[in-house]
Amino acid sequence: MRSRRPQSRLSSGFRSGRWVRLSVWALLLAFPLALLLGGMNPAHSEDDDDLDSLSFYRLSSSMTALFSTAQEPGNDEFNIAENHWPSVLHQPGSAGSMLGYPDEQYNVIRGWIDSRNAQSSNEVGYDSLVGTKDSGFPDHTGARDFAYFGATLNGLGLDSTSTGLTLGFFSWLSGGFVLILFVAAAGVDSLWSFIIDALIWINPFRMIYDAVSSLSGSTFADGMTAGEGATTGFGDSGELPEPLASIVELGNFAFEKLALLSWTVMLPLFLGVFVFSLLMFKNLDRGSAIKKILVRFVFIVIGVPLLGSMYSQVLNTMKEATEGGNSAAAQVVLSTYVDFEGWATQNQLAVPDGAFIRWSQTHNAPTGKSQSEVRDTALAINRQVLGISAGALGSPTGNDAMAVGANEGLTQSNYGDVARMLDRYMSTQHVNASSFESDAKSTLEGEQIDKAPEWFDDFIGDPEDVKDEAANENPLLFVRSDTGLTASEEGEGGPVRFTSAEGTKINCRGTITEDNEGSPSACNLAPLAMYNYLNADFGSTSYKAYSSGKSSSEATRSIHNSVNLVGTGMMSSVYWFNAVVLLGAFVVIGIGYAIGMVVNNIRRTFQMIMAIPFAMLGVVQGIAKVIVYTVAMLMEILVTIFLYKMVLAFLLAVPDFINAPFNAAIAGDEGTGDRSAVVEFLVRSGLLHMLVTLVSIIVVIVFTVMAMRLRKTLVKAVEDSVTKMIEKFTDAKVQSGGGLKSGLPGGGGSSLMSGAAGSKAMSAAKGGKSPRGANAGGTNSGGGPAGAAAATSASSNETKVSGDVDTDGQLEGPGGGGAGAGLDPSAQERDAAGEADLGKRVEREGLSDDPGEAFVGSVQQSASDYAESDKERLKAATGTAGAVGHAGVAVGRAAAQDYTGAAESAGKAVEKGGQAQASAGRAGQASERARKSSLDNPQTSARHDRRIQQGQQAEQAGRTVSNVAGMAGSTGGGGKAPQPQKTPKKPPNSGGANSADQAAKQARNQRRGPKR
């Protein structure tokens, strides 16, 4: 039994292997047989006469045979120019019905204008489509113009073809990336709405609604919250969770008790103190006292409801402004991709207003202006297909780009249409003629169906039998007179511009006829012309017509893509990159603005809540803080949203700004000598359009960085100016001491104090024979601690006497060069006069500067800090590049076994890396200072200090390693090691406080003469 098992296995394996081989051979024989049978059995068989009699393919073949026969030379007896055919051949929208594939199975022709290049396609040159004088239809250009129209769309990238074998990987990858950015940009609109709703929900004034309502009535409370009422929870019940409910209850209780205390105790107390001060103190500043008592009284009575009403109303207004979102992202996508399927099947390629489609007969290509405005054309086409009004989408490169955000007519379904269009582009979907034929036939109803056979039977057959029929009455071949596609030639041999005649129906959707009489419709292209277009592939000098009946599969012919990326060749990639940059800018700016606004508002909300108790008790500084924080919150919202809308509009208008200087060169007449050879080459080659687009991309990237800084700068400047204004009004200090440097305009009272120190220093300088300012004697010349101490003492209010008292009885400065200014009576008088003037100025203008000056000074400071940040970042980038270079050299030296040199290069790499790290830390400090207002803590983050310190330590360590390795390499190489240089002795007048004393002593000794 055991000996038989291997034999049975062997026999079973042999039988299975035999069946496998037989199956493989059967498949190999069946595959070519299937292809042969597929080619021998086309879709239109001779046995299906009923189907052929109502087929667009059969009708197209007959019309093409008729047109080709009339074109044959010497065939002037076959004249179709007298039997209503000129009306068809004159209009491009109707003449396209004559440009199909002539199937020899139905119509035998001699092929005068048709050049057969495959079993299922033929190619026709554009110049042969114009009838000669001895042909059957002389001087009719409608067929040629129809072909030019297709060539123009193909040359602009508005129409393209591909085979069924196209993988579409790059379409999937590029389209998916754009789809992600589009969804993210559209999600920014939802983010804005969510943030505004969140700010309305955490509105601090809603948390004290019940307290204000019990104290002053519901009218005051409703006005304070703009009708929103008290803070409620989510869900149907509207109840807050227990922790939040406890916080709201505590807030109402505290505010109510504080208000009662202020009305019953604090206000009478303030009034009594005021009256007592008026009676008892003669030198009382009555104006200031009256202003303070009025500020306390008004704020305690109506201050909180009034501020709450302002803030709540701004929130509700901004909610309405952000509910609709903006159309910027959709506008970018719709100006970069074209929904050709919708344009062909719904509009039958009707040219919309705002589209510029023109063909150059001289260069056999679209004109330069057509190429430069292709995105405007794409946007106009998509707007027409989706049914979006002109007010909803502006031009991506035109003057109406500022209309973005209007959202008139833009619905949520339109956003879905845009997303689905990108999905069709990713999946490389096609639109074919057979689907259009089915849709066109489905529009017939009632008596129209009974008349349909006449439109086929009378026009299918040999050219001799068809030429006498009334073609202008067949709705399949003809469009209504004075409608449809029109072509206007600008001078003989000049550019041909395509438009749709006035009265052309836009949404035809394959409509054949519009009445029961079977009259032609007013569509842009006749149904058979649209069918022929979808069966053709248009090139620069000829078109190729494909047979729907002889094509065995979509792999053997070109099919029109459902969605196309505008532009051709490299320009399509440039347009795609431009769209990616714009969408990325929308996402970055939108998210950055939204997050920055909500973080600052939440921070200011807590600051205001902490200041309200002190304000309700009548503390003027607390009152000023509550006002400033409230105004800062609402101004942050207004400035941010307004700036966001303005930035989006500017980004969309960037291409127009860049194109403006080149419009004259691009729009010049081609071939007329109006343009130089260089400009002609740049325009015709597409280099000029590529250069303009690349420049616009760079501008968008740079402006995105500037826009992120612009919001911070403007918000900071507004906060600083509001702070100054409130401080002048309340005579109270609100700012925490940071935000503005004392030396810059708008620095507040600190600038005046520094002015006082400066006046003292100048007065001291004027007292000497050789004025050296506050730094007389050179105490600051050497820097370091001595210089800092001298600078501090120069601005101090203490009276200090420097120098030595000599026997001549004259006080001299440390430099010994003349009399010092310390006890000069004239200098003291000047100091007293300057301080008196300064005091009068402070009393007259207050400690704060003018709000306008504060705004300008804040902007200047931010610009200066950002410039410093950019400078340090450039140093960091340079240092990083140097570190990478030295690291590469170190690796190379180590590979060459030059370990000493490798250590030296590694040390230099560490040194450069430390410099880069320290520069990055200083850049972070400068950037942080640029966005801090006077309400923020002036101290920068400690992490920047740590980063600078770590960078400096790394720099020092790397320099040490590099120096030691360099010395070791010099010694090991046989050379003499460099000797350390001796530190030179400091000269007597090397600087600093000691050198000043030595110089003074030397001068005294010279005056005294030698000792006796």
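**Exercise 1. A salt bridge between two helices**

Find the distance at which the side chains of Glu 872 and Arg 922 meet in a salt bridge, and place both residues in their helices.

*Solution.* The criterion comes first: a salt bridge requires a side-chain nitrogen of Lys or Arg within 4 Å of a carboxyl oxygen of Asp or Glu. Glu 872 and Arg 922 satisfy this criterion, with an N to O distance of 3.4 Å. The next step is location, for which helices (H or I, at least four residues) and strands (E, at least two) are DSSP runs, numbered from the N terminus. Glu 872 belongs to helix α29 (residues 851-895) and Arg 922 to helix α30 (residues 899-931), so that the pair links distant parts of the chain, 50 residues apart. The last step is exposure, where buried means under 20% relative accessible area, exposed over 50%, and partly exposed in between (1.4 Å probe, protein chains only). Glu 872 is buried because its relative accessible area is 9%, while Arg 922, at 30%, is partly exposed. Elsewhere, Arg 603, Arg 604, Glu 719 and Asp 936 are joined into one network by salt bridges that share partners.

The model is predicted, and local features therefore need pLDDT of at least 70 and side-chain atom pairs count only at pLDDT 80 or more, whereas totals for chains, interfaces and linings use all residues. Residues are numbered from 1 along each chain as its sequence is written, and side-chain values use heavy atoms, with hydrogens and water left out.

**Exercise 2. Two further salt bridges**

How many salt bridges does a search of the whole structure find, and which parts of the chain does the pair Arg 424 and Asp 339 tie together?

*Solution.* The search of the whole structure returns 27 salt bridges. One of them joins Arg 424 to Asp 339, with the closest N and O atoms 3.0 Å apart. Since Arg 424 sits in helix α16 (residues 412-426) and Asp 339 in strand β4 (residues 337-339), this pair ties together parts that are 85 residues apart in sequence. Arg 424 and Asp 339 are both buried.

For comparison, take Glu 490 and Arg 358, whose side chains meet in a salt bridge at 2.8 Å, N to O. Glu 490 is found in the loop between β8 (485-489) and β9, and Arg 358 in strand β5 (residues 357-360), so this pair ties together parts that are 132 residues apart in sequence. Glu 490 counts as partly exposed because its relative accessibility is 37%, whereas Arg 358, at 9%, counts as buried.

**Exercise 3. The order of a sheet**

In what order do the 4 strands of the open sheet stand, and which strands stand at the edges?

*Solution.* Pairing is decided by bridges: two strands pair if DSSP finds at least two bridges between them. The order is β6-β5-β9-β8, and the pairing is antiparallel. β6 (365-366) and β8 stand at the edges with a single partner strand each, so one side of each has no neighbour in the sheet.

The sheet can then be followed strand by strand:

- β5 and β6 run antiparallel and are joined by 2 bridges, with Ser 360 opposite Ala 365 in β6.
- β5 and β9 run antiparallel and are joined by 3 bridges; the bridge partner of Ile 357 in β9 is Phe 498.
- β8 and β9 pair in the antiparallel sense over 5 bridges, with Thr 486 opposite Thr 499 in β9.

β8 and β9 also form a hairpin with 6 residues between them, and Gly 491 in the turn has a positive phi of about 85 degrees. As for the faces of β9, Val 496, Phe 498 and Ser 500 make up the covered one, while Arg 497 and Thr 499 make up the uncovered one.

**Exercise 4. The disulfide**

Which cysteines form a disulfide, and are they buried or exposed?

*Solution.* With a disulfide taken as a pair of cysteine sulfur atoms within 2.5 Å, the count comes to 1 disulfide. Its partners are Cys 508 and Cys 523, with sulfur atoms 1.9 Å apart. The link of Cys 508 and Cys 523 is left-handed, with -115 degrees about the S-S bond. Cys 508 and Cys 523 are each in the loop between β9 (496-500) and α20 (527-534), 15 residues apart. Both cysteines, Cys 508 and Cys 523, are buried.
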